[in-house]
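Reader: Could you take me through a structure that I have not met before, one point at a time?

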Amino acid sequence: MSQEPRMYFLFLFLFLSHGVASHRVPDSRQDLDPLLQKMAEEIINGSYLNALLDLIQFQSSHGWTADLSHRVLAYLNSRNVAFTIPSLQAAMENHLEQRLYQPQKLLEDLRETDAQRFCTAMKCLLEDKKDLLELEDIVLDLGEIQKQALQSPGVNRSLFLITLERCFQVLNSLECVEILGRVLRGSSGSLLQPEIAEKLPRDLREDAFKNLSAVFKDLYDQTSAHSQRALYSWMTGILQMSSNASDDSVSWVSAENLWILGRYMVHLSFEEIAKISPVEIGLFISYDNATKQLDTVYDITPELAQAFLERISSSSFDMRNTSTIHRLGLLVCFYDDLDLLDAAVAQVLLHQMIKCSRLRGFQAGVQKLKADLLDIATENQTLNETLGSLSDAVVGLTPSQLESLSPEAVHGAISTLNQVSGWAKSQAIILSAKYLAHEKVPSFYNVSQMGVLLPGLGTHTFHAMDRRDLLQVLRSTVSLHVSDLSPAQKQGVLSKMIETGDAASNIVEIQGAFFKEVSLFDLRREAGFNTTVLKEKELRRSQALFLYELLSKSTRRPEELLSTGQLIKGVTCSHIDAMSADSFLAHFHYFENNLSLLSPYQVNCLAWKYWEVSRSSMPPFLLAVLPAHYLASVPASQCVPFLISLGKSQLDSLVLDSHKKNSVLGKVQQCLNNSIADEYAVDIMGKLLCHLPAAVLHHGVSARAWATALHALRDCPELSPEQKAAVRLRLLEQSGLPQNWTAETAKDLGPFLMLFSEDELSSVATKFPDILQQTASETAGTLPPQGFLRAVFESVRNSREKSPSSAPSPGCRGVMAPSSGDILKLAEANACWAPADLLCMEESTFIRNVELLGAVRGFRLPQLMTLKEKAVQVWDMPSYWKEYHIASLGRIALALNESELEQLDLSSIDTVASLSWQTEWTPGQARSILQGFLEDSVYSIQDLKSFHLLGLGTTLCAMNTTEISLTKISEFRAVVARIGTLLCSTHVLAAFKRKAEVVFGDPTEWSSSVLQELGTVAAGLTKEELQMLDKDLMPYFQPSAIKCLPDEIFKELSVEQIAALGPENAAAVTPAQRRRLSMLQLQSLQRALDGANTRAWLDTPPSASPTRTPSSRSPPGGPVTWGPWLGCVLALLPKTVW
């Protein structure tokens, strides 16, 4: 049993055991306070929760004295109750464990307890425990305990329901609202289902109503659309009852009621908005906090915004007054009174529209409004004069407009330009060049002013800077934008910092994510590392492996290493095995709190160590990484803690083999009895819900649990096709046919809309095009189903104005070519444009949207060819294209043939880098890019710097072995980790491996950190070299390297080497590699996939259940998720008891 329920009975156990140890135990009933008699009777009856509440109540008004424990024991003895301390402990433990792991029973207990006890329980929830309680060698953070209790799966649901049912009868409403707020804020939002609104009190005091409304406003984004509507109805029902409106002609919507509604004001109907009196809307706008409230109405629609703007204009406020505009919040995004608008007012509006990016959808309309305001703001003035006053509308300027700017204008406006979000790469390139043209020489001061424009600087510009200036840049606030630099740019900075002087001290100075760029070779030259300088640095695994090994030789305190930033990534199995049992258990919480940083192999090592030293207290999720038969040792009584523990983990990271995952899920289904009966089961399942088989999702989730399950399924990163089909069928059963859906249903389905066909979504596209298009805009970086994309595409086509361009190009008459608004709305659905549509696009549309189009993953070659033709139409032949043109192409560049690639000006490594990040080049195209750079830059292979190698990216795979041999060792070793991410051919990897030998020595001398650093380069090892590798190094191949090993070489691995691959590398073995293995090798591979221990003496079937005996102790430093009343109980415990 885990530590949590033990803490419920800790106090009772301690004071009773104190009495047993006493020299004097009364032999008859003595005078005992009635409340303590009542407590003793509850102990006798087995109602330990009631006993606990009685004790808390007693302690709240009486001082505890040593003789009271003797009296209680005497009372129990007088009732002929044969309690021993172990038996009492076991009984209490079992009872309270059931209440923690079956929160439905906790709900029943709290429903049945009397009013006084219930009041005590509520008071415990209400108390704000922020102090630390020190009990000899144990320090308890009571605030954290209460916080975690409120987040325990299912417990918060029971506390929420019982608070609604009973609290308002025993406590004042303000206290009950505070408890509800605490419980709700610790939940995921799934507690607020629509039916909950029916249980909310309707006779609250005004202050309690406002406080509870504030809780619902805070949880707005976590609440479903149906629940939002239900809560809105509850709020408005109370507000209408309390209003003085005598008839329907007078609105109940006062200024104060609007303030109370907060974000729920977007649910007001047009009729209600139209009835708001000018006085009240004016009063509302005059509130100091009105702007703050209107800044948060992210889901307002254009129609509702217009309705509010009309009411505001009907009041005494001048809609063109600067003060009024400042108060409009997100309503400003829909401002439409542009007739005869003054340029100064347009600039004020543009400044306020920076916040419009927070809107949920409608960005196409926002962009059009910004463009219109931009025209007005620059009327009768030049761009050079107005640049600094145009706010983020400058993002809408075309490259030709930016090219026309003077360096002085860019320099003068840099304080505005450096904060604007949304710059395209091509725009950043132009503006950076303009800025530096004014500054002449890049220095710390002028580079630190660039902000978001920093990625526009060229790699050679960074490399030409003074080393001290670069160091200052990395220490300044502009370093926040270093993560946006390309690998070549980062290497340009890094290589300059360590090329001269005290390179080692410069390495130590590098902070944050940028430290990951430091090569292993350079780390190995530095002997001055300590845990202090590593705390704020991000580490690659190869760096961590080297540094942990290095520092472990001088640091004998494991906690110092394990608590240092990301150094824990470098813990090896040998380090874990070397820890004593006590040390391992005392420090396990460091591992548990950093699971996301650990590899599957490290987690497997942790599991075996735990099994060896303390299997009885082993965290259940670790059983999943051991061989599948260990799961059989989980008895039915431990199913709930097993599910909770596994549900908090990422199963895909713990278990990589599909067959083993099926075994784990089989145990999960066994624990669930193949069904999810209610919301509590969903709470307990956590992330496991994402892995349930399709049959369980379709038939095993009860109607009662479905809404909560659907809320949880939205957070699943990826469902299988079978799961998606099951969810779709279930949605049709629960929500009906799409043509009958309400707007709330469509909103709540969100990403699940992608499960339906184009025909099924046609009615949604007609009724709720904005919802469909918003869903599409949230799919960036993914490839949604074609049917969904077609539905989105048709919704945009059908809602646009049916007016082809006034002077269509030849062959384009009647063609509905894409507009800028269309392209922005469609996102990935732009892949549905026919090549003919794209060819008829207006040139200005192409210029403004080329980067958006270049990012569409679904474009096929005919569409890309068409877009390339459009680029030639607009920019002339490829030989005339500038760096910013090429950088803006994205995937469109893939349509360039070898001859066209040769025409490009590839003299800049940054231009090449903008091409080389694409992974779909043919070998011929890649060779053309490589050759083009060498010719245009007049560099020979021998001249290439480390940042050139990184800029060449995937085109390095087009090098021949001779060229690879000519690259400088000093440059290669600085970027070998990046080169090790490339998936090149075997002969190219073999050539890179030979370079690696010059850097790191013979492969037989390679360490775990070297093997990890090399990545796919290690796949260039020969058969003989691979066979000579120590089996303990096998887990430190990167999975990508395993996949790249030729089949005929992989099969030469020994049985021991294959068994030692570790779960992650074993899962990376390809079917082709597997087919070449012998039966013994396949058995070894299966052992690795299962997570078997390579020390065979440990890998035996469990002889004993790994469950805790009642008297077993939790490991020091184990997880601490205790009950909601612990803060109350332990705060009352006198130190003398210990």
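The questions below deal with a helix pair, a single alanine and the nonpolar cores.

Author: This is a predicted model, in which local features need pLDDT of at least 70 and side-chain atom pairs count only at pLDDT 80 or more, while totals for chains, interfaces and linings use all residues. Residues are numbered from 1 along each chain as its sequence is written, and side-chain values use heavy atoms, with hydrogens and water left out.

Reader: Are helix 10 and helix 11 roughly parallel or roughly antiparallel to each other?

Author: Helix 10 (residues 173-185) and helix 11 (residues 206-218) have axes 9 Å apart and pack at an angle of about 5°. Angles under 35 degrees count as roughly parallel and those over 145 as roughly antiparallel, so the two helices are roughly parallel.

Reader: Is alanine 230 buried or exposed?

Author: Alanine 230 is part of helix 12 (residues 225-242), and its relative accessibility is 16%. Buried means under 20% relative accessible area and exposed over 50%, with partly exposed in between (1.4 Å probe, protein chains only); alanine 230 therefore counts as buried.

Reader: Which residues does alanine 230 touch, not counting residues up to four places away in sequence?

Author: Alanine 197 is 33 residues from alanine 230 in sequence, yet their C-alpha atoms are 5.9 Å apart in space. With contact meaning heavy atoms within 4.5 Å, the residues that alanine 230 touches are Pro194 and Ala197.

Reader: Which helix gives the most to the largest nonpolar core?

Author: A nonpolar core is a set of buried Ala, Val, Leu, Ile, Met, Phe, Trp, Tyr and Cys residues joined through side-chain atoms within 4.5 Å. The largest has 345 residues, and Phe160 is among those touching the most other members. With eight residues, the helix that gives the most to this core is helix 37.

Terms used. Axes are lines fitted to C-alpha atoms, for helices over the stretch in contact, and angles run from 0 to 180 degrees between N-to-C directions. Helices (H or I, at least four residues) and strands (E, at least two) are DSSP runs, numbered from the N terminus. Angles under 35 degrees count as roughly parallel, over 145 as roughly antiparallel, 65 to 115 as roughly perpendicular and the rest as oblique.
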